[in-house]
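This report covers selected sheets, salt bridges and one acidic side chain. The sequence and structure come first.

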Amino acid sequence: MGERLTLITGRTRKQAVGMHKGKDSPEYREATALVEMNPEDMARLNIEDGGQALLRTAEGEVELTAHAGSLPAGLVFVPMGTLVNKLIGTETLGTGMPSFKGQKVDVAPVAEREGPS
Amino acid sequence: MTTVVEHVACPFCGCLCDDLTVEAEGTEIRKVRLACSSGRGIFMDYDPRPRRPLVDGREVEWDEAVAEAAKILSAADSPLIYGLSSSASEAQRKAVALADRIGAVIDSTSSVCHGPAGLAMQAVGEPTCTLGEVRDRADLLVFWGCNPDASHLRHFPRFSLTAKGALTPNGRADRTVYVVDVRPTGSSKKADHFLQVDVGSDFEVLTTLRLLVRGLEPSVDTVGGVPVTQLKELVERMKSCRYGVAFMGMGLTMASARQLNVAELFTLVAELNEFAKFSVIPMRGHGNVTGADQVLTWTSGYPFAVSFARGYPQFSPGEFSAVDMLARRAADAAVILASDPGAHFPAAAAAQLERIPTIVLDHGPSVVASHARVLFPTAAYGVDAAGTAYRMDNVPIPLKRVISTGRVSDEEILDRIIEAVA
């Protein structure tokens, strides 16, 4: 079963280094194709550390490698970049700033999308 | 021949660390000393080869590229100029001049960074100081919604956490450090105290701090996930410190309430000055995003999201900010100066940049450059072009030319486009 959690995005050291290598570089891809999660959320959602998670919003969906991190329950963190921006809407609430932090996101193990055979 | 250039400023982030040494062999940079891992790539991954401009992916002469850019902009009803923050202020001035000339909307990366901090400053003011004052005087540091350990890697040793100054000779031992964030981070692990707030609760916590500063008693035990006892302890330290400084980041500007969060923090800092010296500094991201705000403000009166469509500057975030312009499909051509909205905008806004003709000025490959109608391969300020950038505390820092490649600067290209559209 998937669950609706809260997404925040942001800078990481590896994302910055990967950016200089080029956004088509393996370093950038590796640095931005991951989601950090609360370990208990991962266990409940049957997402393994190092496994693939599917994140979905009204804007789009993306598969990311899940890592257990020191996040509070209900919160997921994805490094800023092209992948996570598939999930972010263009509503700026009259400020110019999209909801890069705080957007709701449905999270599920990737196998679930394929469904039972 | 080996050249060694000292006191080089790194143009990557708002710290603009100006103590680097760069060694080069001709146009090949061989070594960079003191750069952090985020800034090192600016120099070590730089491709110094001169390149020709591209029109629809085809190599052309400079005159042809300039003529094509001018043709696109002259035909556009509602052109957008966006980026600016990884360029020098000399080029930023030219970008504003071009916007004025063609009646464009101009916006910088501020709108997806510290734009809400700018709105807060307009609303309530910003009691601020320089990073030199922080290093020399600050004995209480509060990092709110920012993580310099990941985003500004030399901020702690050069200016804040461990920096030694005139009144802080023992560095870290002379300071009390708080981190307030929604999750533990590398920065919170280095702090004395970590207050973990619930997502979207910063405003309530800041309001409660203001209430406590006034000596009022909240009717609850916990606010935004933080026990009031911990907030009282922070307030006592804030009121009794010698020199307090709050640093704030996108944990406030990108979360719900956005500029209201920041205005609440700025107001708290202002009110604390009844008891102690207290300042606030936004942790600016791009190397010269502060310069973009400065230049746009001194030329148009507004820091970002400015339209020249009516022949005079109008300011309207949410309308003239780039994400909104693209989401509404209100721009029919774009000049992208030294930034990559193709990678850093919500996908729907980035996709619109593939539907309209774009003129991209950048020193390296980027997502937005990969589908530019006209691509000008430029020099990089701080690497093979000299210029001026503003540090996050609004101090201008000279960017040096550490190698000579013959590549053309943003300023020169913008000058030629302005001439061609006249």
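Which residues are linked in a network of salt bridges? The network consists of B:D18, B:D19, B:R154 and B:R158. The coordinates belong to a predicted model, and side-chain atom pairs count only at pLDDT 80 or more.

**Salt bridges**

Over all chains, the search of the whole structure finds 29 salt bridges. Three pairs in chain B are listed with the distance between nitrogen and oxygen and the relative accessibility of each partner.

| Acidic residue | Basic residue | N to O distance |
|---|---|---|
| B:D47 (31%) | B:R49 (56%) | 2.8 Å |
| B:D415 (32%) | B:K94 (22%) | 3.2 Å |
| B:D136 (23%) | B:R135 (30%) | 3.9 Å |

In the pair B:D47 and B:R49, the aspartate counts as partly exposed because its relative accessibility is 31%, while B:R49 counts as exposed because its value is 56%. The cut-off for exposed is over 50%.

The salt bridge between B:D415 and B:K94 links distant parts of the chain, with the two residues 321 apart in sequence. B:D415 sits in helix α17 (residues 410-421) of chain B, and B:K94 in helix α3 (residues 89-102) of chain B. B:D415 is partly exposed at 32%, and B:K94 is partly exposed at 22%.

B:R135 and B:D136 also form a salt bridge, their closest N and O atoms being 3.9 Å apart. Both partners are partly exposed: B:R135 has a relative accessible area of 30%, and B:D136 has one of 23%.

**A buried aspartate without a salt bridge**

B:D384 lies in the loop between β19 (374-377) and β20 (387-390) of chain B. The residue is buried yet has no salt bridge. The nearest side chain of opposite charge is that of B:R407, 4.1 Å away; a salt bridge requires the nitrogen within 4 Å of a carboxyl oxygen, so this pair does not count as one.

What polar partners does the side chain of B:D384 have? A polar atom of this side chain lies 2.6 Å from the backbone nitrogen of B:A380, and the side chain makes a polar contact with that of B:T405 at 2.7 Å. Outside four places in sequence, the contacts of B:D384 include B:Y46, B:R401 and B:I403.

**The parallel sheet**

Strands of a sheet can pair in a parallel or an antiparallel sense. An open sheet of 5 strands in chain B has parallel pairing and the order β10-β9-β8-β13-β14. Its edge strands, β10 (193-196) and β14 (277-282) of chain B, each pair on one side only. Neighbouring strands of this sheet are turned by 15° against each other on average, direction ignored.

Within this sheet, β9 (residues 176-181) of chain B and β10(B) pair over 4 bridges. B:V179 has B:F194 of β10(B) as its bridge partner. Helix α10 (residues 228-240) of chain B packs on the sheet and touches β8 (140-144), β9, β10 and β14 of chain B. The direction of helix α10 makes about 130° with that of β10(B).

**The antiparallel sheet**

Another open sheet in chain B has 3 strands in the order β1-β2-β3, with antiparallel pairing. β1 (2-8) and β3 (28-33) of chain B are the edge strands. The twist averages 20° from one strand to the next.

Strand β2 (residues 20-25) of chain B is joined to β3(B) by 5 bridges, and B:T21 stands opposite B:R33 in β3(B). Helix α1 (residues 37-44) of chain B packs on this sheet, touching β1, β2 and β3 of chain B, and its direction makes about 160° with that of β3(B).

How values were computed. Residues numbered from 1 in each chain as written. Chains lettered and ligands numbered in written order. Predicted model: local features only at pLDDT ≥ 70, side-chain atom pairs only at ≥ 80, totals over all residues. Heavy atoms only, no water. Pairing = 2+ DSSP bridges. Axes fitted to C-alpha atoms, helices over the stretch in contact; angles between N-to-C directions. Contact = heavy atoms within 4.5 Å. Buried < 20%, exposed > 50% of the residue type's maximum accessible area, 1.4 Å probe, protein only. Lys, Arg positive; Asp, Glu negative; His and termini not counted. Polar contact = N/O pair within 3.5 Å; in protein donor to acceptor, adjacent residues only side chain to side chain.
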